[in-house]
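Reader: I have a model open on my screen and would like to know how its labels were earned. Could we go through them together?

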Amino acid sequence: MCSAQQFQHPYTALLKREIQPAIGCTEPVAAAVCAAYAAQCLGKPAVRLRVEASAYILKNAMHVGIPGTNGLTGIAMAAALGSLLQHSEKNMEIFGALTPEIVTAARALLDGGGVEVALAENSPKVWVDSTVFAEDGSWARAVIQGTHTHVIRLERDGRICRSEPPIQEGADGEAGAMKLKAIYDYAMGVPLEELAFLEEVIRVNCAVAEEGLSRPYGLRVGSTLAAEGSWEYAAAYTAAAADARMAGCMLPVMTNMGSGNQGLTASLPVIAAARRMGCGREALLRALAASELAAMNVKLYIGRLSALCGCGIAAGIGAACGLVLLRGGGYETMVYAVRTMVADVAGIVCDGAKPGCALKVATAVSAAQRAASLAMANGLAEGQYGVVSQTGEDTLRNLGLLGSEGMGAANETILKILLQEQNGTGASPREHGAIA
């Protein structure tokens, strides 16, 4: 007899694969997981470690709070913690295993000069390469590529212990991309029981939003907007979750394509709007499925990591699609919303993960609400509006070109600026042998 799982829609499988819990920003998490794999492979205490990471990983790990550390930041600290935790099986929830003793030991390792961080030259966007050394000179190495937890190589003293094929990191506007009509048809027609797992997204992400509203995290974007009035309720609710997460809150969030802020922005505006509108369970789950899938689809065009802001653009576009469905809009209306969002937010850049990300989250949610309202009134962005084209797919393809080709040098420039602020120099990333 065949199980129900075998008949599961491919988009359901995609959603389940790409919506995963994470504690803390996923770039420091990737550094910690990679170091944990290497330390486990070594099998003895590590006294020194070296981490090479892509410019995208370095940028996003520089200023964001690491959960359970009372505000500590940086890829060096994240890697040190991972090498001591050795809980690679926890994947993106690895920081949930932190103890005060581990944090103290990691600080001692850093203070003693035991961690070196370098920029990985010509690497894929998602890339962390960690080598740990024991006191007797033995060593072990782990490499993560493609996704934040995909280990493609494990070796000890030159002996290969594990080898996996690399993940193709495409952002050419074609590879793997979904049709917007297919996303709409799935969200509106898939059996409701296949979407029941999204209730965990609602539970987990709402808990972080409530935490962000109740305590003074980060820039307090969410709680401040909430105090201003109900018109910004969805933006306030979502930004509050980003406030908490970026400040190092220990609560998990449900990610989207490896991004926590993207997961929050693709879900919480839809949840908040459904509550205010009095929508039932089915309407919410179907709108949420459309939002999550549409956000993932944008990332297939611009890349899992990009110089463009994933939560502001990809998840914002997803949220606009979900809001349209909540309001009873059809496929054409959803396309109007996508094109209007691209006309509005296409230029938002990612300048690193940090507490200020909550501001971009709030901007994205406000833009999504505006795009949904304009779409419902048939006020769409026409083809002559910048990178917006006549179809949704062509518009997203143009967005992908902007992110991959047009912004090719932007990420290195942003990292250079961040390093200049951190180190007080004007050197380029390639001139920093050790960034930590």
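**Hairpins, sheet and salt bridges**

Author: Gladly! Let's start with a turn: β6 and β7 form a hairpin with two residues between them, and Asp 157 in that turn has a positive phi of about 50°. Please keep in mind that this is a predicted model.

Reader: How do you know that β6 and β7 pair?

Author: Two strands count as paired if there are at least two bridges between them. Strand β6 (residues 151-156) and β7 have four bridges, in the antiparallel sense, so the criterion is met. Glu 155, for example, stands opposite Ile 160 in β7, and Leu 154 has Arg 162 in β7 as its bridge partner.

Reader: What makes β5 and β6 a pair?

Author: The same test applies, with at least two bridges required. β5 and β6 are joined by five bridges and run antiparallel. Ala 142 stands opposite Leu 154 in β6. These two strands also form a hairpin, with five residues between them, and Gly 146 in the turn has a positive phi of about 90°.

Reader: And what about β4 and β5, how do they pair?

Author: Strand β4 (residues 127-134) and strand β5 (residues 139-145) share seven bridges in the antiparallel sense. Trp 127 has Gln 145 in β5 as its bridge partner.

Reader: Which strands make up the open sheet, and in what order?

Author: Six strands do, in the order β3-β2-β4-β5-β6-β7, and the pairing is mixed. The edge strands are β3 (115-119) and β7 (159-163), each of which pairs on one side only. From one strand to the next, the twist averages 15°. Helix α4 (residues 75-85) packs on this sheet and touches β2 (46-53), β3 and β4; the direction of α4 makes about 130° with that of β2.

Reader: Let's turn to charges. Why is the contact between Asp 136 and Lys 44 called a salt bridge?

Author: The cut-off is 4 Å between a side-chain nitrogen of Lys or Arg and a carboxyl oxygen of Asp or Glu. For Asp 136 and Lys 44 the closest N and O atoms are 2.9 Å apart, so the pair qualifies. This pair links distant parts of the chain: Asp 136 is in the loop between β4 and β5, while Lys 44 is in the loop between α2 (26-42) and β2, 92 residues apart.

Reader: Why is Asp 136 called exposed, and Lys 44 partly exposed?

Author: Exposed means over 50% relative accessible area, buried means under 20%, and partly exposed is in between. Asp 136 has 55%, so Asp 136 is exposed. Lys 44 has 27%, so Lys 44 is partly exposed.

Reader: How many salt bridges are found in the whole structure?

Author: A search finds 18. One of them joins Glu 199 and Arg 281, with the closest N and O atoms 2.3 Å apart. Glu 199 is in helix α7 (residues 198-214) and Arg 281 is in helix α11 (residues 281-302), so this pair links distant parts of the chain, 82 residues apart. Glu 199 is partly exposed at 35% relative accessible area, and Arg 281 is partly exposed at 42%.

Reader: What does the salt bridge between Arg 370 and Asp 344 tie together?

Author: Arg 370 lies in helix α14 (residues 357-376) and Asp 344 in helix α13 (residues 331-345), so the pair ties together parts that are 26 residues apart in sequence. The closest N and O atoms of Arg 370 and Asp 344 are 2.6 Å apart. Arg 370 has a relative accessible area of 41% and Asp 344 one of 37%, so each counts as partly exposed. Elsewhere, salt bridges that share partners join Asp 129, Arg 141, Arg 153 and Glu 155 into one network.

Reader: How do you know that Arg 245 has no salt bridge?

Author: Arg 245 is buried, and the nearest side chain of opposite charge, Glu 27, is 6.2 Å away. A salt bridge has to be within 4 Å, so Glu 27 does not qualify.

Reader: What polar contact does the side chain of Arg 245 make?

Author: The side chain of Arg 245 makes a polar contact with the side chain of Asn 261, at 3.1 Å. Arg 245 lies in helix α9 (residues 233-246). Leaving aside neighbours within four places in sequence, Arg 245 is in contact with residues including Gly 24, Cys 25, Thr 26 and Leu 264.

Conventions:
Residues are numbered from 1 along each chain as its sequence is written. This is a predicted model: local features need pLDDT of at least 70, side-chain atom pairs count only at pLDDT 80 or more; totals for chains, interfaces and linings use all residues. Side-chain values use heavy atoms; hydrogens and water are left out. Buried means under 20% relative accessible area, exposed over 50%, partly exposed in between (1.4 Å probe, protein chains only). Lys and Arg count as positive and Asp and Glu as negative; His and the chain ends are not counted. A polar contact is a pair of N or O atoms within 3.5 Å; within protein, one must be able to donate a hydrogen and the other to accept it, and residues adjacent in sequence count only if both atoms are side-chain atoms. Contact means heavy atoms within 4.5 Å. Axes are lines fitted to C-alpha atoms, for helices over the stretch in contact, and angles run from 0 to 180 degrees between N-to-C directions.
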